Amino acid sequence: MEKMYKVGKIVNTHGLMGEVRVISTTDFAAERYVPGNILYYVPKTGGSAQPLTIKSHRQHKTFDLLTFEGYTGINQVEHLKEGVLKVTESQLQPLEENAYYFHEIIGCTVVTTEGETLGEIKEILTPGANDVWVVETAAKKEILIPYIADVVKTIDIPTKTITIEVMEGLL
């Protein structure tokens, strides 16, 4: 089966008509949740992915509310709670130049312009103006690297290598 990527998590039901509340982890909710699109549901306990066709989408507060074809009531969607919604690699949107998916960055090795290996990116934080990459060193310490042009000099996805310029106070 094709590789899959998480786009959201079903956190609860909404109303009585089979709607579910989703916390999205996609930057493309408007395109991802178009009626007729297929998402793959994976239960919180794991298991095989089940295709679900989107019937409707709307936003409510911080949630995306979805209904799926063939699911018309709360009793039919109750078991979906805490499950994850995914898309296949072929469903990913093309990105503009110098933009990357998280899964492309996580796992990359970070080296300095002087050639020193700092560690591997384990997580990406999105606190505000720019993303922050959490790099785990060989000594299991964490270094926080801001994703800004002054620091990140090159990103080479095929070799999974990112070169940074160490600014004063960064390490």
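How do strand β7 and strand β8 pair, in the parallel or the antiparallel sense, and over how many bridges? In this predicted model, strand β7 (residues 109-112) and strand β8 (residues 117-125) pair in the antiparallel sense, and three bridges connect them.

## The hairpin and its neighbour

Within the pairing of these two strands, T109 stands opposite E120 in β8. The hairpin that β7 and β8 form has four residues between the strands, and G115 in this hairpin takes a positive phi near 95°.

Strand β7 also has a partner in strand β12 (residues 161-164), and here the pairing is parallel, over four bridges. In that pairing T112 stands opposite I164 in β12. As background, strands of a sheet pair through backbone hydrogen bonds, and they may do so in either a parallel or an antiparallel way.

## A six-stranded open sheet

The strands just described belong to an open sheet of six strands, whose order is β10-β9-β8-β7-β12-β11 and whose pairing is mixed. Because β10 and β11 stand at the edges and have a single partner strand each, one side of each is left without a neighbour in the sheet. From one strand to the next, the twist averages 35°.

Towards one edge, strand β9 (residues 132-136) runs antiparallel to β10, and the two are joined by five bridges. There V134 stands opposite L144 in β10.

## A loop residue between two strands

A149 lies in the loop between β10 (142-146) and β11 (152-156). Is A149 buried or exposed? Its relative accessibility is 63%, and a residue counts as exposed when this value is over 50%, so A149 counts as exposed. Although A149 and I164 are 15 residues apart along the chain, their C-alpha atoms are separated by 9.2 Å.

## Strand β6 and its partners

Strand β6 is mostly covered, since four of its five residues are buried. On the one hand, β6 pairs with β1 in the antiparallel sense over five bridges, and K6 stands opposite K86 in β6. On the other hand, β6 is joined to β3 by three bridges, and these two strands also run antiparallel; in this case V84 of β6 is the bridge partner of V42.

## The nonpolar cores

Which residues have the most contacts inside the largest nonpolar core? They are Y33, L39, L66, F68 and L85, in a core that has 21 residues. At least two residues of this core come from each of β1 (4-14), β2 (19-24), β3 (38-42), β4 (50-60), β5 (63-68) and β6 (84-88), and β1 gives the most, with three residues.

F68 shows what such contacts look like for a single residue: leaving aside residues up to four places away in sequence, F68 touches V20, L39, L52, T53, I54, K55, L80 and L85. There is also a second, separate core of 16 residues, and W133, I143, V151 and I155 are among them.

## The largest pocket

Rolling a probe the size of a water molecule over the atoms shows where empty space is left. In this model the largest pocket holds about 610 Å³ of space. It is lined by 23 residues, of which T25, D27, Y100, Y101 and F102 are the closest to its centre. Strand β1 and helix α3 (102-105) each supply at least two residues of the lining, so that β1, which gives three residues to the largest nonpolar core, takes part in the lining of the largest pocket as well.

Key
Residues numbered from 1 in each chain as written. Predicted model: local features only at pLDDT ≥ 70, side-chain atom pairs only at ≥ 80, totals over all residues. Heavy atoms only, no water. Core = buried A, V, L, I, M, F, W, Y, C linked by side-chain atoms within 4.5 Å. Buried < 20%, exposed > 50% of the residue type's maximum accessible area, 1.4 Å probe, protein only. Contact = heavy atoms within 4.5 Å. Pairing = 2+ DSSP bridges. Axes fitted to C-alpha atoms, helices over the stretch in contact; angles between N-to-C directions. 1 Å grid on protein atoms, 1.4 Å probe; cavity = no way out; pocket = protein on both sides within 12 Å on 5 of 7 lines; lining within 4 Å. Points joined across faces, edges and corners; volume = space filled by probe spheres on them.
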